[in-house]
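Trainee: I would like a close look at a single part of this model. Please take the two-helix packing in the first chain and set it in its surroundings.

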Amino acid sequence: MSDITEDIEIRLLLEALHQRYHYDFRHYAQASIRRRLRQARQQLGFATFSAMQEALLHDEAMLPRLLGYLTVQVSEMFRDPSYFRALREEVVPRLRTYPSLKVWIAGCSGGEELYSLVILFREEGLEERTLFYATDISQDALDTAARGIYALDRIALFTENHRASGGKSSLSDYYTTAYGNAAFDKSLRERVVFSDHSLVTDAVFAEMHLISCRNVMIYFDRELQDRAIGLFRSSLVRGGFLGLGAKESIRFSAHANAFTDFVRTEKIYQRREA
Amino acid sequence: MSAEATARAVVIGASAGAIQALSDILPGLAADFPLPIVIVVHVPADRQNILAPLFEQKCRMSVREVEDKEPAERGTVFFAPSDYHVLVESDGTLSLSADEPVMHSRPSIDVLFESAADALGRNAVGIILTGANSDGAAGLKAIADAGGAVIVEDPAHAYADAMPLAALKACPSARIMSRKAIVRYLSEELAR
């Protein structure tokens, strides 16, 4: 059993983080956040969470260091190729019927999923009518996403995923290599708005046709998942699409009835018309 | 995180030789086995995980792959999906995480076991089976420290003995059992 003192300390630390800096992790799933906090405590060299809390409250420089542990997230381009194939084959034909489109990558992390979607939309001839919103709570993540530079040793996997997703072009058309990195072309960012947005505390900001939020809500408890899914529900046009991670589901959510399965196996949902 | 957690669960970790070892254990358990069983098997990160469909055919308990925030229901075997960690929450639900691999493994046995120790305390039962690495040793020790029951497959008869040996080294209080004895323990001692 996690000892009761540690439980109290973690609650107080998250409360301090919220009250002092307005980052709200209080409704993150406990098991994962505890694991990340323990890692942070060890590596930052604090004997207790109370000591870490004191440092956090009195030294602003602690904030980015702690957030680095709490928001770290690594993805792949075209992770789960079958998801992107389903978007291409099932969702894109519906999206074509709209004269203009808005797509929200919620929790965009380092941008891998964002670039995947922009490339897919370019291949399908939809990029020019689309505005992409890439949001995250971490400024570091947003900066990384806006740079679009990835280590070259990850590109083989990205390329294989892209091909398996039904990619119509060669991934190498979109990046140049230098110094062990692949830099994705800035034209891919022309239709992208990067923005700081929290699914925990922020509100609807535009009317979307597609929201992709994969492996972000797994870190939330059910109450917070409900809030986020409610936010997606309010943000989507009627008939709009919500794509989640392969092992996520809205069936435990209070908003389950607002959606229908669109591609059940890929966790792509459609907001009901009525 | 509550100190009086009442949820109970069996957590199992296995690597090389896992399918045979689990085939000798899981089919022996009754459909109404009174606890959930959550299992991490190291499998390559390709996304088609065959474990759940394979064992669904062999077992009387229901078998499925974990979906995020799913309640860990009794009488059900849950397999970790490829490329995700599984963690037990104190409300008895299961969370997934895509955090970095731990000792090159995702899913990681240590991550599952340590979360079970935190969430369930003495109501956790940890079992380490065959494997060729040392994942699970730290997790098993965490369960023992939290007062849970800890069992290791007899290394002399395991397909690969590195994982059982590492678990025993980290957690000398663990009971050493053959696969048959594990079935007996689960279905008689534990299910009583």
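Mentor: What follows starts with the chain as a whole, turns to the helix pair, and then moves outward.

The model is predicted, so local features need pLDDT of at least 70 and side-chain atom pairs count only at pLDDT 80 or more, while totals for chains, interfaces and linings use all residues. Residues are numbered from 1 along each chain as its sequence is written, and chains are lettered from A and ligands numbered from 1 in the order in which they are written.

Chain A has 9 helices and 10 strands; helices (H or I, at least four residues) and strands (E, at least two) are DSSP runs, numbered from the N terminus. The radius of gyration of chain A is 20 Å, which agrees with the value near 19 Å for a compact globule of 274 residues. That radius is taken over C-alpha atoms, and the globule rule is 2.2 Å times the number of residues to the power 0.38. Along the principal axes, the C-alpha atoms of chain A fill a box of roughly 55 × 50 × 30 Å. Of its 274 residues, 45% count as buried. A residue is buried if 20 or more other C-beta atoms lie within 10 Å of its own, exposed if 12 or fewer, and partly exposed in between, with C-beta atoms placed from the backbone.

Now the helix pair. Helix H1 (residues 4–21) and helix H3 (residues 49–58) of chain A pack at an angle of about 10°, with their axes 9 Å apart. That angle makes H1(A) roughly parallel to H3(A). Axes are lines fitted to C-alpha atoms, for helices over the stretch in contact, and angles run from 0 to 180 degrees between N-to-C directions. Angles under 35 degrees count as roughly parallel, over 145 as roughly antiparallel, 65 to 115 as roughly perpendicular and the rest as oblique.

The residues that H1(A) brings to this contact include A:Ile10, A:Leu13 and A:Leu17, and those of H3(A) include A:Phe49, A:Met52 and A:Leu56. Two residues are in contact if their C-beta atoms, placed from the backbone, lie within 7 Å. The contact of H1(A) with H3(A) divides into 9 nonpolar, 2 polar and 3 charged residues. Here Ala, Val, Leu, Ile, Met, Phe, Trp, Tyr, Cys and Pro count as nonpolar, Asp, Glu, Lys and Arg as charged, and the others, Gly among them, as polar.

The next step out is the domain level. Chain A is divided into domain 1 (4–71) and domain 2 (81–271), with bounds that come from an automatic or database domain assignment. The centres of the two domains of chain A, taken over C-alpha atoms, are separated by 29 Å. In chain A, 8 residues of domain 1 are in contact with 10 residues of domain 2. The side of domain 1 that touches domain 2 has 4 nonpolar, 3 polar and 1 charged.

Last comes the other chain. In this interface, 20 residues of chain A are in contact with 27 residues of chain B. H1 appears here again: H1, helix H2 (30–44) and helix H9 (222–235) of chain A are the elements that give two or more residues to the side touching chain B. H2(A) gives the most to that side, with 5 residues. The residues on the chain A side divide into 7 nonpolar, 6 polar and 7 charged.
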